[in-house]
Amino acid sequence: GKTREEVASDIEQKIKDGGYIADPKVNVRFADLTISIIGEVARPGRYDIKKDQFTILEALALAGDLTIYGDRSQVAVIREKEGKSIVTKLDLRSSDIFSSPCYYLEQNDVVMVSPNKYRAATSEINQNRSFWISLASTGISFATLLMTIITVANR
């Protein structure tokens, strides 16, 4: 339940207290890193990374890059800190991404690529269209059933 910095500090203090080294420097690294990439990417999923520092750009490349429907100005990194989910929005077109605290991904980060306006609009239309087609076909089926019952009853 500790950060890498807290673990390094604890180890440094124990080395110092044990009298082994006067001024120890400890660097803690993950043996592997797990991240999830979802949304408008070619291969969404959960990925195990075998290196300690892994950038958001490397993660998107691993997932096959954004699809043509991915919005490069609306990429979010969801990171859990102290039991709370923190969402950081990034614009891949801006050089500010390199100074973002989410440029380097951390354990269990989720990278979410939002759809662009075109994709969002067409998905809404398709859902509405499907609803109305379903409603119309149900109405036609009901009318056909009524006509059949009336025809049979008149014979």
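Rings of Phe, Tyr and Trp count as a pair if their centres lie within 6.5 Å, and planes over 60 degrees apart make the pair edge-to-face. With that in hand, let us walk through this predicted model, starting with its aromatic side chains.

Phe98, Tyr103 and Tyr104 form one aromatic cluster. The structure holds 2 aromatic pairs. In one of them, Phe98 meets Tyr103 edge-to-face, at 5.3 Å centre to centre and with 65° between the planes. The other joins Tyr103 to Tyr104: the ring centres are 5.1 Å apart and the planes stand at 80°, so this pair is edge-to-face too. Tyr103 therefore takes part in a pair with Phe98 and in a pair with Tyr104.

How buried or exposed are the two tyrosines? Tyr103 has a relative accessibility of 13%, and because buried means under 20%, this residue counts as buried. Tyr104, with a relative accessible area of 40%, is partly exposed, since that class lies between 20% and 50%.

Next, follow the strands. E5, residues 110-115, pairs with E1, residues 33-39, in the parallel sense over 4 bridges. Here Ile38 stands opposite Met112 in E5. E5 also pairs with E3, residues 70-81, but this time the strands run antiparallel, joined by 5 bridges. Across that pairing, Val75 stands opposite Val113 in E5. Strand E5 thus has a parallel partner in E1 and an antiparallel partner in E3.

Now turn to helix H1, which covers residues 4-18. Why should its 15 residues span 21 Å? The expected span is 1.5 Å times one less than the number of residues, and the end C-alpha atoms of H1 are indeed 21 Å apart, which agrees. Just after H1 comes Gly19, whose phi is positive, near 80°.

H1 also leads us to the largest pocket, where this helix gives the most to the lining, with 4 residues. The pocket has a volume of about 620 Å³. Its lining counts 26 residues, and those nearest the centre are Thr3, Arg4, Phe30, Lys81 and Glu106. The elements that give two or more residues to this lining are H1 and E3. What classes of residue make up the lining of the largest pocket? There are 11 charged, 9 nonpolar and 6 polar residues.

Terms used
Residues numbered from 1 in each chain as written. Predicted model: local features only at pLDDT ≥ 70, side-chain atom pairs only at ≥ 80, totals over all residues. Heavy atoms only, no water. Pairing = 2+ DSSP bridges. Phe/Tyr/Trp six-rings, centres within 6.5 Å; stacked < 30°, edge-to-face > 60°. Buried < 20%, exposed > 50% of the residue type's maximum accessible area, 1.4 Å probe, protein only. 1 Å grid on protein atoms, 1.4 Å probe; cavity = no way out; pocket = protein on both sides within 12 Å on 5 of 7 lines; lining within 4 Å. Points joined across faces, edges and corners; volume = space filled by probe spheres on them. Nonpolar A, V, L, I, M, F, W, Y, C, P; charged D, E, K, R; others polar.
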